[in-house]
There are 2 protein chains.
Amino acid sequence: MPDAALLAIDWGTTSARAYRVAANGDILDSRSAPLGISQVAQARFAEALASLLGDWRDAPVPRIACGMIGSRQGWIEAPYNDCPAPLADLAAGVVHTPDRELAIVPGVRARDANGMPVVMRGEETQILGGVDDREERVLLALPGTHSKWALVESGRIVQFVTFMTGEVWHVLITHTILGRLAAAPPAGAAPGAGFERGLTRGLGAGSILHDAFSARSLALMNELAPEEVSDWLSGLLIGREVRSARVWAHRHGYDGARVRLIGDEALVARYTDAMTRDGISVIPVASNAAARGLWRIARSAGLVAGRH
Amino acid sequence: MPDAALLAIDWGTTSARAYRVAANGDILDSRSAPLGISQVAQARFAEALASLLGDWRDAPVPRIACGMIGSRQGWIEAPYNDCPAPLADLAAGVVHTPDRELAIVPGVRARDANGMPVVMRGEETQILGGVDDREERVLLALPGTHSKWALVESGRIVQFVTFMTGEVWHVLITHTILGRLAAAPPAGAAPGAGFERGLTRGLGAGSILHDAFSARSLALMNELAPEEVSDWLSGLLIGREVRSARVWAHRHGYDGARVRLIGDEALVARYTDAMTRDGISVIPVASNAAARGLWRIARSAGLVAGRH
């Protein structure tokens, strides 16, 4: 196996994943650990990094990370860059830990149409790993706990938006009355008819505060099986996110007919279904977008040799 | 004090309140206990009722209840009436417990514009306690854990809708990342600038899945004080409920310019603020709407003497 030229780390709230990246940008290997910043006691991040890297720790190559490790609760704060955020600015904003063990990519912030701040940490790197500077206009979606949608023009993140879809689904099914009539779906089963029906409602107009309650009333009327309740709610929320994101994209001059999708396999499948139903062409991005983004930023920052 | 002609009980999920009602409908007295159906072990409802009534239990008068006590998880199921639901039909649908200790009012169900079922138990009685059969068209709002809005025409509940506003606020502030930067507001303080700002956003267009996240990003940018986060979110959700309910009322031919408001004092104050900001004239209903509704239904059911 070739030597690594960079160790790239996607370091979030609950977990961290490290990649060995070769001099040509190829990803050689990866390993992950449940060492997200909320899991590291007393801010012992140097120890957590050594534990994550294991026998990679002695490689004499630079290390760069993105994500919540650069937040106020992380190792050292890497202040937000403002949108529009080109890759070169993110590279210039990289902050080093006092022991120089790790370079950390800044987060990005913007204002929505109502003047509300929006922020991200980690997704900016995945986004830049999923585009090419020569592409004039790209609309990306990154589904997750806090989904992001972003507009990228010639390698600059010009605007983005957050939807709390994953977390809202989780708390509604776990902590509200909606979970009372729900049974766990069969393990490993693909989302079925319940998801499709929730999606139909979600892609239509409505108020989440009202529509979510249908997950209970449908079950109460025996019109939804207990093991479909969770998927119905997932379909409702994902559909509503897609609908709202298209309104947002339109406002910024995008028709939203083509979306590049970055995320884990199961979520990408659900969002692909939702977007296809809404007439959107979906272009999935290869996994490891974070690693590719970290590689690009590290080169631009001069941490590794190569074209900037 | 005059004798009671009826014991009327508003029996919900977490608590129960009993009223002594005089032969002329006046409410003489009330007492409550944390004996909602979720608090009663092994369905020992007869014991719970005796405990709630205390020294009223020997009064030789009929007893009637509304609320979750008539659900499948309650004492005995009182099947839903369909909308439009006139008072006489609710009275005809009253179910008696096997020991004849208690008459229970049925819940009401309807279909929303998308064919989704909507249900309520208890609010139908409050609604009928807040109107008069001679009123041609009334729009009512009952804010709460699961807010209801209802259209009542000549004493018939013709349509209603549910919003999970109270419960969604609770789980977002308690169980999601939005609570992380929040501090408890000063005890007993009226909602302040944070609530007003959230209301401004809530009364505008947008997606809850996106807008709710501003409760975090505003705090992160020091644009919202920690003790304002919870109220900002309350304002957002209440504002959005009011906005969505007006759309719903419009669809049913109501302009939504006058709303009768039934609920506890603190919530009524927040909703009055929201509605007034939205140009709505608010008519608050005297408390004890449930007791008045139970009295009307008991008369119509022939449980107590009087005009039907």
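How many residues does the contact take from chain A and from chain B? In this predicted model, the answer is 36 residues from chain A and 36 residues from chain B. The legends below start with that contact and then go into single chains.

**View 1. The side of chain A that touches chain B draws on a strand-and-helix mix.** With 36 residues from each of chain A and chain B in the contact, here is where the chain A part comes from. Strand 10 (117–120), strand 13 (156–163), helix 4 (165–175), helix 6 (208–211), helix 7 (214–220) and helix 8 (229–251) of chain A each put in at least two residues. Helix 4 of chain A has the largest share, 6 residues. Sorted by class, the side of chain A that touches chain B has 19 nonpolar, 12 polar and 5 charged residues.

**View 2. Chain A and chain B are related by a two-fold axis.** A turn of 180° with a shift of 0.0 Å along the axis lays chain A on chain B, and the RMSD is 0.0 Å. That is just what a two-fold axis does. Which residue of chain A comes closest to the rotation axis? Look for V171(A), whose C-alpha sits at 3.3 Å. The copies meet through the same surface, because 100% of the interface residues of chain A are also interface residues in chain B.

**View 3. Helix 5 of chain B crosses helix 8 of chain B at roughly 35°.** The axes of helix 5 (residues 193–203) and helix 8 of chain B come within 6 Å, and the crossing is right-handed. On the helix 5 side, the residues that meet helix 8 of chain B include F195(B), L199(B) and L203(B). Helix 8 of chain B answers with a list that includes W232(B), L236(B) and V242(B). Glycines turn up on both sides too, among them G198(B) in helix 5 and G235(B) in helix 8 of chain B. By class, this contact has 9 nonpolar, 6 polar and 6 charged residues.

**View 4. Helix 8 of chain B also packs against helix 9 of chain B.** Here the axes of helix 8 (residues 229–251) and helix 9 (residues 265–277) of chain B come within 10 Å and cross at roughly 60°. That makes helix 8 of chain B oblique to helix 9 of chain B. Left-handed or right-handed crossing? Right-handed. S234(B), I238(B), G239(B) and V242(B) are the helix 8 residues to pick out, and they meet R270(B), Y271(B), A274(B) and M275(B) in helix 9 of chain B. By class, this contact has 5 nonpolar, 2 polar and 1 charged residues.

**View 5. Strands 5, 9 and 10 of chain B make an open sheet.** The order is 5-9-10, and the pairing is mixed. Strand 5 (81–82) and strand 10 (117–120) of chain B are the edge strands, each pairing on one side only. Strand 9 (residues 108–111) and strand 10 of chain B run antiparallel and are joined by 4 bridges. V108(B) stands opposite M120(B), while R111(B) has P117(B) as its bridge partner. The hairpin of these two strands has 5 residues between them, and there G115(B) takes a positive phi near 80°.

**View 6. Strand 14 of chain B has parallel pairings with strand 11 and with strand 15 of chain B.** Strand 11 (residues 138–142) and strand 14 (residues 258–261) of chain B are joined by 2 bridges, and L140(B) is partnered with R260(B). Strand 14 and strand 15 (residues 281–284) of chain B pair over 4 bridges. There, R258(B) stands opposite S281(B) in strand 15 of chain B.

**View 7. A cis peptide bond leads into P84(A), and another leads into P84(B).** Most residues other than glycine have a negative phi, and most peptide bonds are trans. The bond from C83(A) to P84(A) is cis, with omega near -5°, and P84(A) lies in the loop between strand 5 (81–82) and strand 6 (85–86) of chain A. In chain B, the bond from C83(B) to P84(B) is cis with omega near 0°, and P84(B) is in the loop between strand 5 and strand 6 (85–86) of chain B.

**View 8. Q42(A) has a positive phi without being a glycine.** The value is about 50°. Where does Q42(A) lie? Find Q42(A) in the loop between strand 3 (27–33) and helix 1 (45–53) of chain A.

Methods:
Residues numbered from 1 in each chain as written. Chains lettered and ligands numbered in written order. Predicted model: local features only at pLDDT ≥ 70, side-chain atom pairs only at ≥ 80, totals over all residues. Axes fitted to C-alpha atoms, helices over the stretch in contact; angles between N-to-C directions. Parallel < 35°, antiparallel > 145°, perpendicular 65-115°, else oblique. Left-handed = near helix turned anticlockwise from the far one by under 90°. Contact = placed C-beta atoms within 7 Å. Nonpolar A, V, L, I, M, F, W, Y, C, P; charged D, E, K, R; others polar. Least-squares fit on C-alpha atoms with pLDDT ≥ 70 in both. Pairing = 2+ DSSP bridges.
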